[in-house]
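Let us walk through this structure together, one region at a time. Please keep the sequence and the 3D view side by side as you read.

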Amino acid sequence: MLKQSPTKKEIDHLLTRGVSLVEKEADLRRLLVEGNKGEPLRVKLGVDPTHYDLTIGHAVLFRKLRQFQRMGHKTVVVIGDWTARLGDPSGRMEARKVLTAEQVKSNAATYLDQFFRIVDKDQTEVRYQTEWFDTFNLGDAIKLLGFKTVAQMLERDDFSKRYKSGIEISLSEFMYPLLQGYDSVALRSDVEIGGTDQTFNLLVGRDLQPIFGQTAQQILTMNLIVGLDGVKKMGKSLDNYIAMGAPAKDMFGKLMSLPDQTMRSYFEALTEIDTEELDEFDRKMTEGSLNPRDVKLRMAREIVTEFHNLAAAEEGQEAFIRQFSERKLPTDIPDFQLGSAKNVVDLIVEAGLAASNNKARELIKQGGVALFPEGASGNSERITDPNYTVDVIDGAILKVGKRNYLRIKA
RNA sequence: GGGCAGUUACCAAAGUGGACAAAUGGGACUGACUGUAAAUCAGUUGCGAAAGCUUCGAAGGUUCGAAUCCUCCACUGCCCA
């Protein structure tokens, strides 16, 4: 059901919060109110079923879909099972290897499982590319290629960059945006959302639909949040991500380690705090009456609440303050069974806290290893000798590096 | 089809017969500082306790000795057809 006349504020929120680009904003505003001839809008999101561990970066899009749903619009999620079977033609990208039908199926299931933690299932239509591409033939494919020119393809940022700097571009890569664009035709989508990196692909859908006698979809691209380094896009390949399913404490800690200047975009992308209040935070931090740390604590709390719940967020905050502000040991230290006295280096490697003996020795030499013989309540002694033998002291705690601990069990 | 250039550690990029486990930068890690950060400073960053061993696209070869020279193969880019 289409929600009766959303307010201007709601629409503004939908179209600006975390949003990079809205194509034909006036048209979209009208559609949001009227629907497509009174029907809920079909809001499309394309999914590459190669990922299974979703990050909170993906959630940014999911949350936007939910905002659409709250106005009564429909989510159409397309599982790119057909293109996933193609893999990456250049074989460069690890993430794009050829997948079997089985893998695709299980990846998609995992994806949707996480997806529906945010997006309402009842207002969602799940579709698979193979539904229409399995019957596609060579003629159809070439016809599709004919709708675009090489110059047009090179408008895409990453194509043009690669072309200019002499990095290979496989011809089949030109096919991907077209296939993705055709998905919009097959699904009669009214709106498509994606990250800013998808702008070109979304526009292709917009170009193709009129050719097939449909109204061109509106497109809305979202700013991608940066990863833990504060600079690069959050992603698995860069290992700078926070998993959607990360435990609350973990998520809290990672959020707190974000550089200050990323806070605003995280607030906008992942919380519902009013823009006015965010402006207020910025103003007070600039004039120095508000400690950025406290703002960040608020941010972490809000976001963890989104993915878990308030209680978990508060617990996360307590654990964080305890471990990092007060520099006490964390409460949840994993146990390590120690049968008999053992050399520290061996112990660290066995526990998986260093990749090799050399690395473990390195940590020791650099003063990164400490032992708390009496457990959390006692004092610590720094271990500086790689030949040190760790005795079997039940309850003793070993600290390795900044944040790895283990509790010795007899 | 022809010509030219290239392939070095996590990434980028020096090295062009010995002093090369390989400069430098980025990243990562550790310590100091701090607000948890950032910035800054110091250190580490193939494996091995060490002797030593394995690494410079792959395989062979020349040489006392090769990332460096030769042969061949693979891959990539550019130019000409």
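E280 is partly exposed because its relative accessibility is 32%; that class lies between buried, under 20% relative accessible area, and exposed, over 50%, with a 1.4 Å probe and protein chains only. Its side chain meets that of R283 in a salt bridge, 3.1 Å from N to O. A salt bridge here is a side-chain nitrogen of Lys or Arg within 4 Å of a carboxyl oxygen of Asp or Glu. Because E280 and R283 are 3 residues apart in helix α14 (residues 275-287), about one helical turn separates them. Helices are DSSP runs of H or I with at least four residues, strands are runs of E with at least two, and both are numbered from the N terminus.

R283 is itself partly exposed, at 42%, and it also forms a salt bridge with E287, where the closest N and O atoms are 3.4 Å apart. These two lie 4 residues apart in α14, about one turn of the helix. E287 counts as exposed, with a relative accessible area of 53%.

A word on the model is useful here: it is predicted, local features need pLDDT of at least 70, side-chain atom pairs count only at pLDDT 80 or more, and totals for chains, interfaces and linings use all residues. Residues are numbered from 1 along each chain as its sequence is written, chains are lettered from A and ligands numbered from 1 in the order written, and side-chain values use heavy atoms, without hydrogens and water.

Helix α15 offers another pair: E302 and R298 form a salt bridge at 3.0 Å. Being 4 residues apart in α15, they are separated by about one helical turn. In total, the structure holds 23 salt bridges, and R42, K74, E125, R127 and E131 are linked in a network of them.

Next, turn to RNA strand B. Which residues are closest to it? They are M256, D260, S325, R327 and E362, among 26 that surround the strand, each with a heavy atom within 4 Å of it. Helix α18 (357-365) gives the largest share of this surface, 6 residues. A polar side-chain atom of N357 lies 3.2 Å from a phosphate oxygen, while an N or O atom in the side chain of Q366 is 2.8 Å from a base nitrogen of RNA strand B.

Finally, look for the open sheet of 5 strands, ordered β7-β13-β12-β9-β10 with mixed pairing; strands pair if DSSP finds at least two bridges between them.

Notes
Polar contact = N/O pair within 3.5 Å; in protein donor to acceptor, adjacent residues only side chain to side chain.
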